[in-house]
Structures are given as C-alpha cells and as structure tokens.
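Hi,

Here is the structure I promised to pass along. Have a look at it first, and my notes on what turned up are underneath.

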Amino acid sequence: TRQARRYPEAYLRTILALLAGLAAVTTIGPVAAKDPSRPFVPGFQTDFPDAAILRDGAAFFAYATNAQGDMANVQVARSSDLVRWELVRNGDRLHDAMPVMPPWANRGKTWAPEVIRTSVGYVLHFTAHDRKSDLQCLGAAFSTSPLGPFVSNATEPLVCQTELGGTIDSHPFRDDDGQLYLYYKSDANNPRFGKKTDIFVQKLSADGLAVEGQPVALLRNDTAWEAHVIEAPTMVRRGQGYVLFFSANHFGWENHQRLSPYAIGYARCSGPLGPCRDATENPIVHSYNDRKAGCLSGPGHQSVFSVGGRQFLSFHAWAATKGCRRADSARYLYIAPLLWEGDTPRLGISLRAAPRR
C-alpha cells in the first residue's frame with residue numbers, strides 16, 4: 001500500500017486554491033483508507049449524521065438527518081472552503097430546509113437527505129416515517145433555493161417497499177448523458193421483517209420528482225463484514241465503468257462494543273443499472289484505535305461530490321474520547337479527497353482547518 005506524502009503547512013492553502021481557482025491539487029498522494037497510519041480528522045464537530053454535500057456556485061451546502069430534539073426536519077450546514085462549516089440558523093433557531101412534512105409523513109424520523117440540482121431548481125430526496133404503513137419510506141420535495149423551503153404535497157411516498165420492511169437512504173445520481181437514477185435500500189433488516197437487505201436502483205424523471213420503470217436489485221448483504229445490512233448507496237461514474245459505494249453492518253456504537261462495526265465498501269458496476277460486483281478488498285474505510293493515528297469509530301453513510309474535476313468523499317463517524325470510547329450520541333462530518341488507482345478508490349488525508357496559533 002502506498003502512503004500519502006507528508007503535507008507541508010501550505011496544505012490548507014493548496015486546497016483553498018483548488019476551490020477558488022479549480023486547479024489541481026498536486027500535493028496529494030493516494031493512501032489506502034484501511035491503513036490507519038494516516039488519521040482521519042473530523043471537519044465539523046457537531047452532531048451531523050448521514051450528511052450529503054452539494055456544491056452550488058462558490059458555496060457548499062451539507063444536509064443531514066433531523067436535528068436532535070426535533071429542532072429541524074432537515075438541518076443544513078454551509079461552507080465556502082470545505083474546512084470551515086457552520087450550521088445555518090434563522091436568528092437563534094436552527095434553519096430547517098423542509099419545515100413542513102408532506103401529508104404522508106410524520107415528523108421526527110427524517111433521515112439521510114440529499115439534494116440534486118435540476119434545470120428548474122433543487123430536489124430534496126429524503127427518508128421519513130410513513131403514517132399509513134408505520135415504516136420508513138422515501139419522498140422528494142422541490143425548492144428554487146438550496147436552502148429551501150423544500151415543499152411536497154404528495155399524499156403517498158415516492159417509494160415504499162412495504163413487503164420488504166420499507167425503504168431508506170435514497171441517493172439521486174445523474175449520469176453523463178443526463179439521465180437521473182435513484183438508488184435506495186430496502187429496510188428488510190427491520191426487526192419486524194428480519195430479511196436480507198438489497199440496494200436497488202430505478203430511473204428518475206428529468207425533474208427528479210418521480211420514479212420511472214421497475215426497480216433493479218444490485219447488491220445484497222452476503223459477506224461476513226456486512227453482517228445483517230447494507231445501505232447508504234452512492235454511485236460514481238469512473239471512466240467507462242461505475243463504482244457504487246455503500247455502508248454496512250450495525251451503525252451504532254453500543255456500550256459492549258470496543259468500536260462500532262460500521263464501515264464503507266464499494267462495488268464495481270457495468271452500468272448505472274448494474275450488474276455490480278463487490279470489491280474483494282472491502283471494507284475500505286473502517287473503525288480503528290491506533291496509538292499514532294488515534295480513533296475512528298463507525299465511519300459510514302458517505303457522499304461524493306466534485307470540485308474542479310477533483311472528487312471528494314464525505315462520511316460520518318462517532319464522537320470519541322481520547323481513550324477511544326463513545327463520547328456522546330453525536331456523529332461528526334469527515335471529508336477527504338477521493339483518489340483513484342485505475343478503478344480502485346483511495347482516500348487522501350482528511351480536510352480540516354489549520355490549527356490556531
């Protein structure tokens with residue numbers, strides 16, 4: 001495994017130059033993410049789980065699962081440089097990108113929001129609690145602004161696989177030809193169902209608000225490291241091929257666990273509708289407790305975004321003490337350059353603000 005080069009103190013300035021001038025970062029070398037000799041450091045130390053990042057002009061917006069205490073259905077953070085983030089607020093209140101839930105959905109379980117820009121505005125894809133089925137299901141809402149308010153008057157979920165325990169973790173993807181796709185996970189690991197979980201894909205309409213055709217199953221939890229669940233799909237076009245990132249295993253960090261078993265893997269796919277094949281090196285990002293590198297517990301629910309031809313991968317992991325124990329119920333946001341060796345993904349050193357002097 002090749003190691004990342006040691007960064008000079010000008011590392012942050014290099015990243016800022018990339019963002020401002022859309023230039024290439026030449027000081028980043030590839031590193032295998034499963035090697036903890038290069039530590040990951042959180043870029044945003046507040047509870048911000050399941051985040052997905054959207055670049056819009058000179059700004060970056062990150063959308064996350066509902067804030068604790070029902071303070072927002074969809075919380076939003078904003079940054080101009082990917083290393084300094086702040087929660088968006090309306091006065092002394094947390095900003096809510098979707099303050100009113102659609103008629104089919106209850107408040108309180110709005111998970112894993114992702115926003116995609118279309119020719120007429122912005123579409124928020126999200127998971128919420130369906131009143132009728134008492135399951136988690138998918139919805140879509142529209143806004144003319146990346147900050148919302150996102151609005152949906154739908155009386156039924158966009159997708160809800162009631163026979164499979166519901167549906168969660170929707171991910172919209174635009175291929176090079178402009179066709180939109182929606183990837184999602186059947187919530188069959190729901191204790192009421194106790195089935196294998198699958199990642200599905202279905203075509204999306206041009207406005208991003210409706211699914212088309214029939215769903216296609218791409219992956220199933222069928223290896224030991226995945227345990228009872230795979231979820232959080234993220235599709236990336238790579239040359240003539242496709243790479244589907246996903247997370248697997250129990251997301252939590254329980255009191256009896258030294259580290260969370262949650263981790264990130266990927267599959268190579270022949271096309272946006274598959275077929276897909278798990279990488280043998282999975283998982284590529286997982287928990288560690290290393291004397292030099294520190295602590296990482298429960299990395300997962302990744303997203304991928306591009307800046308000036310360069311790709312970055314974000315994920316969350318649990319807040320930890322210096323002794324690598326669970327600190328509280330917060331999950332922090334991490335961001336690292338996504339690098340490639342052919343069609344094999346590698347991560348660079350995670351982005352973070354320069355230390356104060």
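A charge sits over a ring if NZ of Lys or CZ of Arg is within 6 Å of the ring centre and within 35 degrees of the ring normal. Please keep in mind that this is a predicted model. With that rule in hand, W318 is a nice place to start: R331 lies over its face, 5.0 Å from the ring centre. The charged end of R326 also sits over the ring of W318, at 4.4 Å from the centre.

On to the aromatic pairs, of which there are 14. One of them joins F305 and F312, which are stacked with 5.7 Å between the centres and 15° between the planes. F305 is buried at 5% relative accessible area, and F312 is buried too, at 1%. Elsewhere, F173, Y181, Y183 and Y242 are linked into a cluster by ring pairs.

You may like the cysteines best. The model has 3 disulfides, and their pattern along the chain is 1-2, 3-4, 5-6.

- C137 and C160 are bonded, with the sulfur atoms 2.0 Å apart. C137 lies in strand 9 and C160 in the loop between strand 9 and strand 10, so the bond ties together parts 23 residues apart in sequence. C137 is buried at 0%, whereas C160 is partly exposed at 23%.
- C269 is joined to C276, S to S 2.0 Å. This link is right-handed, with 110° about the S-S bond, and both cysteines are buried.
- C295 and C324 have their sulfur atoms 2.1 Å apart. The torsion about their S-S bond is about 65°, so this disulfide is right-handed.

Best wishes

Technical notes. Residues numbered from 1 in each chain as written. Predicted model: local features only at pLDDT ≥ 70, side-chain atom pairs only at ≥ 80, totals over all residues. Heavy atoms only, no water. Phe/Tyr/Trp six-rings, centres within 6.5 Å; stacked < 30°, edge-to-face > 60°. Buried < 20%, exposed > 50% of the residue type's maximum accessible area, 1.4 Å probe, protein only. Disulfide = S-S within 2.5 Å. Helix = DSSP H or I, 4+ residues; strand = E, 2+ residues; numbered from the N terminus.
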